[in-house]
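Below is a short note on the model you sent round. The points are numbered for ease of reply.

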Amino acid sequence: MEHKRLKLYAYLDARDHQRTYLAIMRLFTSTLLADLSAGEVAGALAGQEREGRVEQGESRIENVINRLKQLVEWGNLVQGRREVVAASIAEFQHGSVRYQVSKLAVRVQRDVDELLRVPEGAREVSRELLPAIERGLNELGGSLSVALLNEGDKTKELLAERVTTLFLQHAELAATVRDFYAYLGQVVTRNHLAPEEIAGFRNLLVEYIQRVVEDVLKYTPPIAEALAGFTKARTELLRLLGTDLGHNVERARGRTPEDWQELTDWFVDRPGRPSQVTALREATARAIGSLLASVKRATSGGGLLPGRRAELLKLASWFDNSSREEAHEIYASAFGLYSARHLSPAPEHDSDNERTPWRDGPVCDVTVSVRTRGDRGGRGRPSRILDDPMTEQSLLAEAREADEIRARHVAELTKAAGNLENSTLTHGALEVFCELLTLAMAQRDSPHDSGSASDPVRGLKLEIAHGTTTQIRSAAGTLTLHDATVALKQ
């Protein structure tokens, strides 16, 4: 199934006729319920061919039919038929076979067009949605109370409206945060920044990110408190929103327990699962540290010499604005690789053939020594990997001993599984028990939920559920678990 769906992206990186495929898919996704024949597609491509947006000859009916069949094979289009009045058999064949776009192909093309419109700079974080989410949760609580008292159509529609609005606001907020920090990670990890870039990123980090983090930390506690209040009422909320549309229907956000759990995990930490708010705070700290390192590297008197990034960018602009003959002259002058003398050894085979121009070949990474010092010399040979059999055997012996110790502790727990409260565990067995207990409790959202964890090698399973107080005695003391029942199973 995954391989079949990934073929929907094949037309974006097709070896030939890529612009034609893209123009056809835009034609089918430009209107709702598009139902076009090969002749109608050819007529639309004729105008784009005159404008130079597709290659010459791509609007011919035989070429259009081949492109449409290829898109059907990839799964982007589906075939249908319609009764038509035709003057010839060829006209009937071209007009009776209709094409419609598939659901998943619409999403692919929509994401492609949105990606092509996105600028290269940072994306503004929708901070104003945080108070809107807080108000939406508070209003949702009131709407849920009214809907439980009077389960009418209007109250259910108002409840569904508030839930949909809440999840749309959170989706937009999460998307802007991810895009902004992706751009931030892209720029702060660069080895060398120009002085004007450092000043711009300093303002971006010190001022803008500070406001973003402050707003997130300000509104997270009330949002987390409101989400905690919905934990018990979530079942009734989903019941009121439930509609029998079948299992194959993609429901709107907020209609399943997984949607609400994802919303809660964005704001609230759980054992072993930090929230996105915590990740945002840590990412901000790393970004500021990276920027300070770049500033120190650029302003320190010693160390590396001034970078050559500006010179390389200027050289790239010369190549971009030059003709073919001028580009060869600039290349020879800049790198000293004239046609009659090659002082350096031939490069390794890079899978290009003799018909591939150098501008269309693979991009060559510029090393740090070249872009900072203009030095292309080697820096010594790599160190040899030494074979140390004594250390290897010592590490293997330590691993075997640790495995035997854990096996004894697991065996002790297995023996005490039937009478756990009346058994006294050793220190090592208690550590294994606490390890499984931590993993099991991480699966619980509330004290009334249950959880389980098992040893992946020996199969010992620990289950925890809401119940009476449980006491586990050991040589180090007594572990008391309130409102919890623990059981060990083999």
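1. A residue counts as buried when its relative accessible area is under 20%, as exposed when it is over 50%, and as partly exposed in between. By that cut-off Asp215, at 19%, is buried. The model is a predicted one, and the values in this note are computed from it.

2. Overall composition. The chain contains 16 helices and nine strands. Of its 490 residues, 33% are buried. About 32100 Å² of the chain is exposed, and 53% of that area comes from carbon and sulfur atoms. Among contacts with a separation of 6 or more, 61% are between residues 24 or more positions apart.

3. Salt bridges, general. Side chains of opposite charge can pair when their charged atoms come close. Searching the whole structure gives 18 salt bridges. The next points take up some of them.

4. Arg127 and Asp215. These two residues form a salt bridge in which the closest N and O atoms are 2.4 Å apart. Arg127 sits in the loop between helix 6 (103-117) and helix 7 (129-149), while Asp215 belongs to helix 9 (residues 195-241), so the pair ties together parts that are 88 residues apart in sequence. What is the relative accessible area of Arg127? The value is 26%, so Arg127 is partly exposed, whereas Asp215, at 19%, is buried.

5. Glu262 and Arg253. A salt bridge joins these side chains, with an N to O distance of 3.5 Å. Both partners have some accessible area: Glu262 is partly exposed at 43% relative accessibility, and Arg253 is partly exposed at 33%.

6. Arg270 and Asp265. Here the side chains meet in a salt bridge at 3.3 Å, N to O. Which side of the cut-off does each partner fall on, buried or partly exposed? Arg270 counts as buried, with 13% relative accessibility. Asp265 counts as partly exposed, with 23%.

7. A network. Salt bridges also link Asp35, Glu40 and Arg98 in a network.

8. Helices 2 and 4. The axes of helix 2 (residues 18-29) and helix 4 (residues 61-74) come within 11 Å and cross at roughly 75°. The two helices are therefore roughly perpendicular to each other. On the helix 2 side, the contact is made by Thr20, Tyr21, Ile24, Met25 and Phe28. Helix 4 contributes Arg67, Leu68, Gln70, Leu71 and Trp74.

9. Helices 8 and 10. At what angle do the axes of helix 8 (residues 153-188) and helix 10 (residues 257-267) cross? The angle is roughly 45°, and the axes come within 12 Å. Helix 8 is thus oblique to helix 10, and the crossing is left-handed. From helix 8 the contact involves Val163, Leu166, Phe167, His170, Leu173, Ala174 and Val177. From helix 10 the participants are Asp259, Trp260, Leu263, Trp266 and Phe267.

10. Ala279 and Trp266. Trp266, one of the helix 10 residues in the contact with helix 8, can also be placed relative to Ala279. The C-alpha atoms of Ala279 and Trp266 are separated by 9.6 Å, and the residues are 13 apart along the chain. Ala279 is in helix 11 (residues 276-299). Its relative accessibility is 33%, so Ala279 counts as partly exposed.

11. Helices 15 and 16. The axes of helix 15 (residues 389-415) and helix 16 (residues 427-441) come within 8 Å, crossing at roughly 75°. This makes helix 15 roughly perpendicular to helix 16. Which residues make the contact? They are Arg406, His409, Val410, Glu412 and Leu413 of helix 15, together with Gly428, Ala429, Val432, Phe433 and Glu435 of helix 16.

12. Ser474. This residue lies in strand 7 (residues 470-474). Is Ser474 buried or exposed? With a relative accessible area of 10%, Ser474 is buried. Apart from its neighbours within four places in sequence, Ser474 is in contact with Thr424, Leu425 and Leu430.

Technical notes. Residues numbered from 1 in each chain as written. Predicted model: local features only at pLDDT ≥ 70, side-chain atom pairs only at ≥ 80, totals over all residues. Heavy atoms only, no water. Salt bridge = Lys/Arg side-chain N within 4 Å of Asp/Glu carboxyl O. Helix = DSSP H or I, 4+ residues; strand = E, 2+ residues; numbered from the N terminus. Buried < 20%, exposed > 50% of the residue type's maximum accessible area, 1.4 Å probe, protein only. Contact = heavy atoms within 4.5 Å. Areas by Shrake-Rupley, 256 points an atom, 1.4 Å probe, with all protein chains shown as cover. Axes fitted to C-alpha atoms, helices over the stretch in contact; angles between N-to-C directions. Parallel < 35°, antiparallel > 145°, perpendicular 65-115°, else oblique. Left-handed = near helix turned anticlockwise from the far one by under 90°.
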